[in-house]
Amino acid sequence: MAILTKGTKVRHKTKGIIETIVGFCRVKVNDVWMNGVISKGWYSTGELMTFVRIKEDFEKDFEIWQH
């Protein structure tokens, strides 16, 4: 995946949901600090949701959206 930056639109590879990267963080998982990606997207509830995912998982599950 290309370098991720704030404001980048991404698409979930299997669900097709479009999200926008709003920032980056550190996430503690099993006492280990890992890089994280913060994103927002509209889901079936009709609400704008904010998510935090481990960067490695994010890069595996999303692709940059080219509209």
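## A small tour of a five-strand protein

Let's start with one pair of residues: Val37 has Arg53 in strand 4 as its bridge partner. Keep in mind that this model is predicted.

**The overall layout**

Now step back. The protein has one helix and five strands, and along the sequence they come in the order β-β-β-β-α-β. Its C-alpha atoms fit in a box of roughly 35 × 30 × 20 Å along the principal axes. How does the radius of gyration of the protein agree with that of a compact globule? For 67 residues, such a globule would have a value near 11 Å, and the protein has 12 Å, so the two agree.

**Two hairpins in a row**

Strand 2 covers residues 18–29, and it runs antiparallel to strand 3, with ten bridges joining them. At one of these bridges, Val29 sits opposite Val32 in strand 3. Strand 3 covers residues 32–42 and also pairs with strand 4, residues 48–54, again in the antiparallel sense, this time over seven bridges. Over here, Trp42 faces Leu48 in strand 4.

Here are the two hairpins side by side:

| Hairpin | Residues between the strands | Residue with positive phi |
|---|---|---|
| Strand 2 and strand 3 | two residues | Asn30, about 50° |
| Strand 3 and strand 4 | five residues | Gly46, near 80° |

**A closer look at Phe24**

Phe24 is part of strand 2. Is Phe24 buried, exposed or partly exposed? Its relative accessibility is 42%, which is why Phe24 counts as partly exposed; buried would need a value under 20%, and exposed one over 50%. What does Phe24 touch, apart from neighbours within four places in sequence? Its contacts are Leu4, Thr5, Lys6, Gly36, Val37 and Ile38. So Val37, the residue we began with, turns up again on this list. Val10 lies 14 residues from Phe24 along the chain, and their C-alpha atoms are 14 Å apart.

A handy bit of background for reading strands: side chains in a regular strand alternate between the two faces of the sheet.

**Surface, contacts and charges**

Of the 67 residues, 25% are buried. The accessible surface is about 4700 Å², and carbon and sulfur atoms account for 52% of it. Among contacts with a separation of 6 or more, 34% link residues 24 or more positions apart. As for charges, the protein carries 11 positive and 8 negative ones, and the mean positions of these two groups are 4 Å apart.

Conventions:
Residues are numbered from 1 along each chain as its sequence is written. This is a predicted model: local features need pLDDT of at least 70, side-chain atom pairs count only at pLDDT 80 or more; totals for chains, interfaces and linings use all residues. Side-chain values use heavy atoms; hydrogens and water are left out. Two strands pair if DSSP finds at least two bridges between them. Helices (H or I, at least four residues) and strands (E, at least two) are DSSP runs, numbered from the N terminus. The radius of gyration is taken over C-alpha atoms; the globule rule is 2.2 Å times the number of residues to the power 0.38. Buried means under 20% relative accessible area, exposed over 50%, partly exposed in between (1.4 Å probe, protein chains only). Contact means heavy atoms within 4.5 Å. Accessible areas come from the Shrake-Rupley method with a 1.4 Å probe; for residues, only the protein chains shown count as cover. Lys and Arg count as positive and Asp and Glu as negative; His and the chain ends are not counted. The place of a charge is taken as NZ of Lys, CZ of Arg, CG of Asp or CD of Glu.
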